[in-house]
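The exercises below invite the reader to examine a protein chain step by step. Each task is followed by a worked solution.

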Amino acid sequence: MGKIATSISQQIAKLEERGMILDLSHDKIKDVLLDIGYYRLGFYWQPFEKESLDNDRNHNFKENTKFSTILDLYYMDVDLRHLLIKSINRIEINFRTKLIYYCSNKYKETPTWFVHPKVVSKTFINQFDGYYNFDFKKNKVIANHHKKNINDKYAPAWKTLEYFTFGTNLKIFKSLLDNDIKERISKLYNVNDTEKFIKLMETIVFVRNYCAHGGIMFDLRNTYGIPKLPYFNFNNNDRHCLDSCIKVIIFILNQISENRSNQLSEELNKLFLDYDKKDNAISNIIGEKINYLLHKD
């Protein structure tokens, strides 16, 4: 789209002009564009655009590109996002619980151990008020704590960390000075190398944030390569694609609940199988972009 807003009718005409097959009714296409938006759908029809050698691309579509295919790809992405965020939420809660439990019980006399210079790095402590800010203190539980305990600068760990993001709690874990606690928690997830465990959790946080902010799932590429582990192989040795991230999520989830891990694996495979049957173009995206290997038995 250019710099000037266009009407739905103009958007539909533009798609047709660029060579898209409008195989749904005009009313349905209009509803979709008003529901999802031309701009957002553009991320889903981008793989169907012809390659152009000049700098001024006209964004024409490859032959036989159907509007229904774009819509199917969009809904596959939505379903995929929902499956992943549900499982990541389980991992987030489990990790937060372990972090709070083991640290709070080791430092019983220091309920706000997360800002104690003998427990966490000074670098994190210096940044802490950026997390425990005015907006955070408006949280009902936190605000109520300070109302009842006016001399407390911070609420205890079991309250504070409960309302921190997954990413912030992982930063606290990384900032711990006691390597024994970090190793103990890492081993609970069947990872003996603490640094590898941190990278695995960073991968999960990355996917979590990607999901939460409406990222295009099939096009996800992890910036940093995922560390190799003996428990799974990366398809085509690609340690950046969504499938590799999924393998990490399934592995960590399996340390929490084998049933939930198996369920996620089955639901993902069923989702990809269902959409694989709809169009060869979507099948190619599943296999080449996501790098997922379908289990058809």
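**Exercise 1.** Is Asn 236 buried or exposed?

*Solution.* The model under study is predicted. Begin with the place of the residue: Asn 236 sits in the loop between α10 (194-212) and α11 (242-256). Next, take its relative accessible area, which is 68%. The cut-off for an exposed residue is over 50%. Asn 236 is therefore classed as exposed, at 68%. Finally, consider the backbone: phi of Asn 236 is near 60°, a positive value in a residue other than glycine.

**Exercise 2.** Determine where Asn 64 is found and describe its backbone and its accessibility.

*Solution.* Locate the residue in the loop between α3 (38-45) and α4 (67-106). Then read its phi angle, which is near 65°; this is a positive value, and the residue is not glycine. To finish, compare the relative accessible area of Asn 64, 60%, with the cut-off of over 50%; the residue is therefore exposed.

**Exercise 3.** Describe the overall make-up of the protein chain.

*Solution.* First, count the secondary structure elements: there are 13 helices and zero strands. Along the sequence, this gives the pattern α-α-α-α-α-α-α-α-α-α-α-α-α. Second, consider the extent of the chain: its C-alpha atoms fill a box of roughly 70 × 45 × 35 Å along the principal axes. Third, turn to burial: of the 297 residues, 46% are buried. The chain exposes about 16,500 Å², and 47% of that area comes from carbon and sulfur atoms. Fourth, examine the contacts between residues at least 6 apart in sequence: 64% of them join residues at least 24 apart. Last, consider charge: there are 44 positive and 37 negative side chains, and the centres of these two sets are 8 Å apart.

**Exercise 4.** Explain how helix α12 packs against helix α13.

*Solution.* Two packed helices are described by the angle between their axes and the distance between the axes. Here α12 covers residues 258-276 and α13 covers residues 280-289. The angle between them is about 145°, and their axes lie 8 Å apart. The next step is to list the residues that make the contact: α12 contributes Phe 272, Tyr 275 and Asp 276, while α13 contributes Ile 282, Ser 283 and Ile 286. Sorted by character, the residues of this contact comprise four nonpolar, one polar and one charged.

**Exercise 5.** Which residues does Met 76 contact, leaving aside its neighbours within four places in sequence?

*Solution.* Met 76 belongs to helix α4. Its relative accessible area is 0%, and the cut-off for burial is under 20%, so Met 76 is buried. Its contacts, with those neighbours left aside, are Leu 271, Phe 272, Tyr 275, Ile 282, Ile 286 and Ile 290. Among them, Phe 272 and Tyr 275 of α12, together with Ile 282 and Ile 286 of α13, also take part in the contact of Exercise 4. As a final step, set sequence against space: Met 76 and Tyr 275 are 199 residues apart in sequence, and their C-alpha atoms are 6.9 Å apart.

**Exercise 6.** Establish the setting of Met 201 and of Lys 196 in helix α10.

*Solution.* Start with Met 201, which lies in helix α10. Its relative accessible area of 0% places it among the buried residues. Not counting residues up to four places away in sequence, Met 201 touches Ile 91, Phe 95, Phe 166, Leu 170 and Ile 252. For one of these, Ile 91, the separation along the chain is 110 residues, and the C-alpha atoms are 9.3 Å apart.

Continue with Lys 196, also a residue of helix α10. Its relative accessibility is 29%, and it counts as partly exposed. Leaving aside neighbours within four places in sequence, Lys 196 is in contact with Val 191, Pro 227, Lys 228 and Leu 229. Lys 196 and Lys 228 are 32 residues apart in sequence, with a C-alpha to C-alpha distance of 8.5 Å.

**Exercise 7.** How far apart in space are Asn 284 and Arg 260?

*Solution.* Place Asn 284 first: it lies in helix α13. Its relative accessible area is 41%, which makes it partly exposed. Asn 284 and Arg 260 are separated by 24 residues in sequence, and from C-alpha to C-alpha they are 28 Å apart.

Conventions:
Residues numbered from 1 in each chain as written. Predicted model: local features only at pLDDT ≥ 70, side-chain atom pairs only at ≥ 80, totals over all residues. Heavy atoms only, no water. Axes fitted to C-alpha atoms, helices over the stretch in contact; angles between N-to-C directions. Helix = DSSP H or I, 4+ residues; strand = E, 2+ residues; numbered from the N terminus. Contact = heavy atoms within 4.5 Å. Nonpolar A, V, L, I, M, F, W, Y, C, P; charged D, E, K, R; others polar. Buried < 20%, exposed > 50% of the residue type's maximum accessible area, 1.4 Å probe, protein only. Areas by Shrake-Rupley, 256 points an atom, 1.4 Å probe, with all protein chains shown as cover. Lys, Arg positive; Asp, Glu negative; His and termini not counted. Charge placed at Lys NZ, Arg CZ, Asp CG, Glu CD.
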